[in-house]
Amino acid sequence: MRVLGIETSCDDTGVALYDSGQGLLAHRLFSQTELHLDYGGVVPELAARDHIRKALPLIRAVMQEAKTRPDQINGIAYTTGPGLAGALLVGAALGRSLALAWNVPCVGIHHMEGHLLSPMLEPDPPAFPFTALLVSGGHTLLADVQALGRYTILGESVDDAVGEAFDKTAKLLGLGYPGGPAIAQAALDGDPKRFQFPRPKTGRLKTQGAHPGLDFSFSGLKTAVVTAVQNQPLTSRLVADIAASFEEAAVDVLAIKCEWALEQTGAKQLVVAGGVSANRKLRERLIHLSEKLGVRVFFPRPEFSTDNGAMIAYAGYLRLAAGQREPLSFGARARWPIEEIGAAKN
Ligand code: KG4
Ligand code: ZN
């Protein structure tokens, strides 16, 4: 089965062709970073309009690269949500229209399920069941993953997502957007011990070593950075030290919560995905943790940590292969809890 995947939930237009026999055949990504640079964040209306411009040329390019004609495509997958409503509708309208024109089935994919399954595109992939840490610009969550579509949230952020904390901290430090890679780069020259930023919700409770649960909070970390930069010039040394100390605190929190989640589920596999999973410090720390616990850890390749079409094509393949079909009507869901997706239904 050969599936075309289309991702347009935010500021990246991602397109890919996945083949169940041959694996990933081709993928293309157009990042709108430059378009939004002057605004310090993504402008939803500009994002939607740019997806319209880029999606069809990218689809043509992947089909050409994979030497695939329309009659060789067996299904189409597009991101239904969560994300920016206008941006999502571009992918939904395009995916649905192509499916109608080519007379093939079509399926809408949950963006975070795409991330969750992205390590399965790598050699030696994880197998269900596993514990997953999903860390992106909009989400921070730990989930117990029993099977495709059977996800139980173990903990999630009660305020900012971790990627959002990276982005806001980068903005405060004048490092631009997106903040994650900029912070990681600046942190290379910094002292991670100079600032003791808070690690919210990680203190062991006094009673019998019980811990405060698997939810996250990152807004306090951002406030601590605001305090650290107050009333002093932003020298490159200060920026590097704050970036390093911030990254250290964020990685600490994520690693501690992963350890507690693995203790709770008893899982022998940890899957880590979403934009922040590209972070090298986080990868190193979680590899170290997994060795300590005797657990295997799985990441997508760094370019598939952030938004891409390959993960949507792959998730679409799994759902279409499980028999999921959609009616001709379509929609977009700006908000969509991952526990509500459900297994494939036809
Ligand atoms: O998954 P993604 O591309 O889009 C969403 O679904 O949100 O994640 C984007 C987020 C941004 O907040 C970005 O700053 C963060 O991932 N990010 C990183 C790194 N690369 C991207 N955060 C930390 N370190 C990185 N290397
Ligand atoms: Zn994403």
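Start with the two domains: colour 2-116 together with 305-340 as domain 1, and 128-299 as domain 2. Keep in mind that this is a predicted model. If you drop a centroid on the C-alpha atoms of each domain, domain 1 and domain 2 sit 28 Å apart, centre to centre.

Next, select the contact between them. You should pick up 17 residues from domain 1 and 22 residues from domain 2. How much area do domain 1 and domain 2 bury between them? About 1,700 Å², and 70% of that is on carbon and sulfur atoms. Switch on polar contacts and look for five residue pairs linking domain 1 and domain 2, both partners at pLDDT 80 or more. Don't go hunting for salt bridges between domain 1 and domain 2, though: the count is zero.

Stay on the domain 1 side and show helix H4 (111-117) and helix H10 (310-321). Each of these helices supplies at least two residues of the side that touches domain 2. Which element gives the largest share of that side? H4 does, with four residues. Colour the domain 1 side by residue type and you get seven nonpolar, six polar and four charged residues.

Now centre on ligand 1 and expand the selection to its surroundings. You'll find 17 residues there, and the closest are His115, Gly137, Asp167, Gly180 and Asn279. For the backbone, click through three glycines:

- Gly163: a polar backbone atom lies 3.1 Å from an oxygen atom of ligand 1.
- Gly180: here a polar backbone atom is 2.9 Å from a ligand 1 oxygen.
- Gly275: a backbone N or O atom is 3.0 Å from an oxygen of ligand 1.

From Gly180, step back along the chain to Pro178, in the loop between helix H5 (162-172) and helix H6 (179-187). Is the peptide bond from Tyr177 to Pro178 cis or trans? It's cis, with omega near -5°.

There's another cis bond to visit over at Pro82. Select the loop between strand S4 (75-81) and helix H3 (85-102), where Pro82 lies. The peptide bond from Gly81 to Pro82 is cis, and its omega is near -10°.

Last stop: follow the chain back from S4 to the loop that joins helix H2 (44-65) to that strand, and pick Lys67. Check its backbone torsions: phi of Lys67 is near 45°, a positive value in a residue other than glycine.

Conventions. Residues are numbered from 1 along each chain as its sequence is written. Chains are lettered from A and ligands numbered from 1 in the order in which they are written. This is a predicted model: local features need pLDDT of at least 70, side-chain atom pairs count only at pLDDT 80 or more; totals for chains, interfaces and linings use all residues. Side-chain values use heavy atoms; hydrogens and water are left out. Domain bounds come from an automatic or database domain assignment. Contact means heavy atoms within 4.5 Å. Buried area is the accessible area (1.4 Å probe) that two parts lose on being put together, summed over both. A salt bridge is a side-chain nitrogen of Lys or Arg within 4 Å of a carboxyl oxygen of Asp or Glu. A polar contact is a pair of N or O atoms within 3.5 Å; within protein, one must be able to donate a hydrogen and the other to accept it, and residues adjacent in sequence count only if both atoms are side-chain atoms. Ala, Val, Leu, Ile, Met, Phe, Trp, Tyr, Cys and Pro count as nonpolar, Asp, Glu, Lys and Arg as charged, and the others, Gly among them, as polar. A residue is near a molecule or strand if one of its heavy atoms lies within 4 Å of it.
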